[in-house]
Amino acid sequence: AGCITYGNPMLIENILEETDPAIEPVLLKQTYKQGNRVMLKLGESVLEYNKDFKFYLTTKLRNPHYLPEIAVKVTLLNF
């Protein structure tokens, strides 16, 4: 949560072909304005959202197949 508020990058390694629904608000950048601040609700917590925040997911799967519902929420890189 500190990464979102302070604008630091966050890395989750070794994901499989499905993501945890708890990270949906982050993947979709479901932010809203509260006064002059940008906020994001993550579970029961409401966090201030920093525009510099970056979220990275990596996998060790050789040829992952992500559902279209996931693929439209992220940018996939294969290298």
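Leaving aside its neighbours within four places in sequence, which residues is Asn50 in contact with? In this predicted model, the partners turn out to be Ile4, Thr5, Tyr6 and Gly7. Asn50 itself sits in the loop that runs between strand E4 (45-48) and E5. Another pairing worth a look is Asn50 with Leu40: the two are 10 residues apart in sequence, and their C-alpha atoms are 9.6 Å apart in space.

With that loop as a way in, the rest of the chain can be laid out. There are 3 helices and 5 strands, and reading along the sequence gives the pattern α-β-α-β-β-β-β-α. Taken along the principal axes, the C-alpha atoms fill a box of roughly 45 × 20 × 20 Å. The chain has 79 residues, and buried ones make up 19% of them. Its accessible surface comes to about 6200 Å², with 54% of that belonging to carbon and sulfur atoms. As for contacts between residues at least 6 apart in sequence, 61% join residues at least 24 apart.

What sits in the largest nonpolar core? It is a set of 6 residues, namely Ile4, Val26, Leu40, Leu47, Tyr49 and Phe53. Ile4 makes a handy guide to this set. Not counting residues up to four places away in sequence, Ile4 touches Val26, Leu40, Leu47, Tyr49 and Phe53, along with Leu42, Glu48 and Asn50. Leu40, which was paired with Asn50 above, is thus among the residues that Ile4 touches.

Next comes the empty space. Rolling a probe the size of a water molecule over the atoms shows where such space is left. The largest pocket holds about 960 Å³ of it. This pocket is lined by 27 residues, and the closest to its centre are Leu57, Val74, Thr75, Leu76 and Leu77. Helix H2 (24-27), strand E5 (54-57) and helix H3 (68-71) are the elements that give two or more residues to the lining. E5 gives the most, with 4 residues. By residue type, the lining divides into 17 nonpolar, 6 polar and 4 charged.

The segment after H3 is also the place of Lys73. Is this residue buried, partly exposed or exposed? Lys73 counts as partly exposed because its relative accessible area is 23%, and the buried class stops under 20%. Its contacts, again not counting residues up to four places away in sequence, are Glu24, Leu27 and Leu28. Lys60 is another matter: Lys73 and Lys60 are 13 residues apart in sequence, with 20 Å between their C-alpha atoms.

A few loop residues round off the picture. The loop between strand E1 (9-12) and H2 holds Asp20, and Asn14 is found there too. Asp20 is partly exposed, with a relative accessible area of 47%, and Asn14 is also partly exposed, at 43%. From Asp20 to Gln30 the separation is 10 residues in sequence and 16 Å in space, C-alpha to C-alpha. Asn14 has a backbone quirk: its phi is near 60°, a positive value in a residue other than glycine. Lys29 has a positive phi as well, near 50°. Lys29 is found in the loop between H2 and strand E2 (31-34). Its relative accessibility is 55%, so Lys29 counts as exposed, the cut-off for that class being over 50%.

Conventions:
Residues numbered from 1 in each chain as written. Predicted model: local features only at pLDDT ≥ 70, side-chain atom pairs only at ≥ 80, totals over all residues. Heavy atoms only, no water. 1 Å grid on protein atoms, 1.4 Å probe; cavity = no way out; pocket = protein on both sides within 12 Å on 5 of 7 lines; lining within 4 Å. Points joined across faces, edges and corners; volume = space filled by probe spheres on them. Nonpolar A, V, L, I, M, F, W, Y, C, P; charged D, E, K, R; others polar. Buried < 20%, exposed > 50% of the residue type's maximum accessible area, 1.4 Å probe, protein only. Contact = heavy atoms within 4.5 Å. Areas by Shrake-Rupley, 256 points an atom, 1.4 Å probe, with all protein chains shown as cover. Core = buried A, V, L, I, M, F, W, Y, C linked by side-chain atoms within 4.5 Å.
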